[in-house]
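Me: I am in my first year of study and would like a close look at a single part of this structure. Please take the place where the two protein chains meet, and then go on from there to the DNA.

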Number of protein chains: 2
Amino acid sequence: MSRHPALQPFVRKLSERSHLSEDERHILLDLDGQKAEFAPHRDIVRPGELTDFCCLIVSGMAARFGQLPDGTRQITAVYIPGDMCDLYSLMLPKVEWALQALSSRLVILKVPHRKMLEIVRAYPGIAEACWRDCVADASILSQWVVNIGRRDALTRTAHLFCELGLRMETAGLGSRTAFELPVIQSQLADALGMTPVHMNRIMRALRQQELLTVRGREVQVRDWNALARAAGFEPGYLAIDHRWRRMD
Amino acid sequence: MSRHPALQPFVRKLSERSHLSEDERHILLDLDGQKAEFAPHRDIVRPGELTDFCCLIVSGMAARFGQLPDGTRQITAVYIPGDMCDLYSLMLPKVEWALQALSSRLVILKVPHRKMLEIVRAYPGIAEACWRDCVADASILSQWVVNIGRRDALTRTAHLFCELGLRMETAGLGSRTAFELPVIQSQLADALGMTPVHMNRIMRALRQQELLTVRGREVQVRDWNALARAAGFEPGYLAIDHRWRRMD
DNA sequence: CGGGTAATTGATTTTGATCAATTGGTGTGG
DNA sequence: CCACACCAATTGATCAAAATCAATTACCCG
């Protein structure tokens, strides 16, 4: 049995993209670390520091924030349970991006870099799986650039909800048409590059067009195909469909 | 001596971010591949295919394109000589993003995945350097999300020119204040998420504020500090300053 | 006759102006 | 924190003219 059940969705996600041996899976499931809880607006890691641990999301949601000199913020990535939200810090430990909780209660598991580096050195299959995970994250980032750069506010918002729905479903946290999103509108606005007021308008429009309803923190999609069509959503970039080659 | 001198800037860039032994450097400099030339609007790799090679930019510029159902395009990454523009395809060979020339004459070196995978398997130091390179690319993507999401058109454009200037200088292709940019305004617009007409307005504004002049394909920056200040440019995200730890 | 240079042409890119649509800003009440 | 109204600012869309660039053709001279 694993000391931290929260590792299971993480290892499952890695296994869906990369082939891992029984051995390798056990090594990962046996990782140890320190649990920690964070409230929104508290930095998990602070830009400028050097990190020496990776954060596995246990419960709640987190996001990576960019900040402009004038204080406006832009979310560049949203992380859900099972995501190792700064796996990339293994390669670039100098923190350039703040990591914060989105939900009111975020629980993470801090896994020391030292331990992770030991493992990736000893098990090339794990190294490959982690490298591939970083690449898949970058693929999502590319899609975000397209989304923010070229889609209008409604389509853009619909696209984000499609992405989150699919990721939540894959992580075993509800279905793409019904999942919990512990996030307020101004945080969505920060993720989509718009103002909170406009975000509110768009949520109303989505509701009126019967594409999406949010009641409390619960997202309800009446007709997934309609939403995906409105968003121009193509899930290929999430790289959750197939298993890819391994190095050795 | 290396069969392909174009490999030298690539290996130099890797060495600036990761420690590589003499051996490892030689292995990389000794890579072989097939040269190819592309004109703009011709796909180097086509979405939907499986790639089996990586592209090293020898001369000219290339970009990664996202496309919406209605045909509008968004550039998600710009690549200059010395960049291995789809190193990530080693991990996710299914092509999700078109890769095209920006400049009229783009020369690339196609290095087979098979060979690259052999090398990263045999030399963990090289694997780490490549992994780190992928992570640095993702860091640039994050900054692009911030840039497109939260900066206004003028600041956004200034920021891109800062980034390109610094990358060109680091690659040994001119200085941050004077470099060649073989790219037309509508391509810049595609990179910055705006329309070509608005791009033109912004270029005029940059000229009038004496921040930037473009004559022919030559970018001229009169006062780098003024441009960087206007852009709110912080170069840390480019990860070109320091050398980081290696795994073994 | 051939090589190089200059002019012509056509296509592409840049520039500019005007109007429309989207998005941002502020404030109030639930 | 969400909803909604109002007005302002930024950006998008369309169109037309100028400027630039590329390729071809014509021309000159050795």
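Reply: What follows goes from the contact between the chains, by way of one residue in it, to the two DNA strands. Please keep in mind throughout that this is a predicted model.

The side of chain B that faces chain A is a good place to begin. In this pairing, 55 residues of chain B are in contact with 54 residues of chain A. The size of an interface is often given as the accessible area lost when the parts come together. For chain B and chain A that buried area is about 4800 Å², and 74% of it falls on carbon and sulfur atoms. Three residues, B:Met91, B:Trp131 and B:Arg150, supply 19% of what chain B buries against chain A, which is more than any other three residues give.

Polar and charged groups also take part in this interface. Two salt bridges are counted between chain B and chain A, and in one between A:Asp190 and B:Arg150 the side chains come to 2.9 Å, taken from N to O. Across the interface there are also 12 residue pairs in polar contact. The elements of chain B that give two or more residues to the side touching chain A are strand S4 (62–67), strand S5 (73–79), helix H3 (113–122), helix H4 and helix H6 (185–192). Helix H4 of chain B gives the most to that side, with 19 residues. Sorted by class, the side of chain B that touches chain A has 30 nonpolar, 13 polar and 12 charged residues.

For a single residue in this setting, take B:Ser142, which has its place in helix H4 (residues 124–150) of chain B. B:Ser142 counts as buried because its relative accessibility is 1%. If its neighbours within four places in sequence are left aside, B:Ser142 is in contact with A:Arg64, A:Thr76, A:Trp97 and A:Leu141.

From here we can turn to the DNA, beginning with strand D. This strand is surrounded by 16 residues, and the closest are A:Gln185, A:Arg204, A:Arg217, B:Ala153 and B:Arg201. Of the atoms of DNA strand D that come within 4 Å of the protein, sugar and phosphate account for 68%. An N or O atom in the side chain of A:Gln185 is 2.8 Å from a phosphate oxygen of DNA strand D, while a polar backbone atom of B:Ala153 is 3.1 Å from a phosphate oxygen of that strand. With B:Arg201 we come to a base, for a polar side-chain atom of this residue lies 2.9 Å from a base nitrogen of DNA strand D. Helix H7 (196–208) of chain A and helix H7 (196–208) of chain B each supply at least two residues of the surface near DNA strand D, and H7 of chain A gives the most, with five residues.

DNA strand C can be read in a similar order. Among the closest of the 16 residues that surround it are A:Ala153, A:Arg201 and B:Gln185. A polar backbone atom of A:Ala153 is 3.0 Å from a phosphate oxygen of DNA strand C, and a polar side-chain atom of B:Gln185 lies 2.7 Å from a phosphate oxygen of this strand. The side chain of A:Arg201 has an N or O atom 2.7 Å from a base nitrogen of DNA strand C. On the surface near DNA strand C, H7 of chain B gives the most, with five residues.

Key. Residues are numbered from 1 along each chain as its sequence is written. Chains are lettered from A and ligands numbered from 1 in the order in which they are written. This is a predicted model: local features need pLDDT of at least 70, side-chain atom pairs count only at pLDDT 80 or more; totals for chains, interfaces and linings use all residues. Side-chain values use heavy atoms; hydrogens and water are left out. Helices (H or I, at least four residues) and strands (E, at least two) are DSSP runs, numbered from the N terminus. Buried means under 20% relative accessible area, exposed over 50%, partly exposed in between (1.4 Å probe, protein chains only). Contact means heavy atoms within 4.5 Å. A residue is near a molecule or strand if one of its heavy atoms lies within 4 Å of it. A polar contact is a pair of N or O atoms within 3.5 Å; within protein, one must be able to donate a hydrogen and the other to accept it, and residues adjacent in sequence count only if both atoms are side-chain atoms. Buried area is the accessible area (1.4 Å probe) that two parts lose on being put together, summed over both. A salt bridge is a side-chain nitrogen of Lys or Arg within 4 Å of a carboxyl oxygen of Asp or Glu. Ala, Val, Leu, Ile, Met, Phe, Trp, Tyr, Cys and Pro count as nonpolar, Asp, Glu, Lys and Arg as charged, and the others, Gly among them, as polar.
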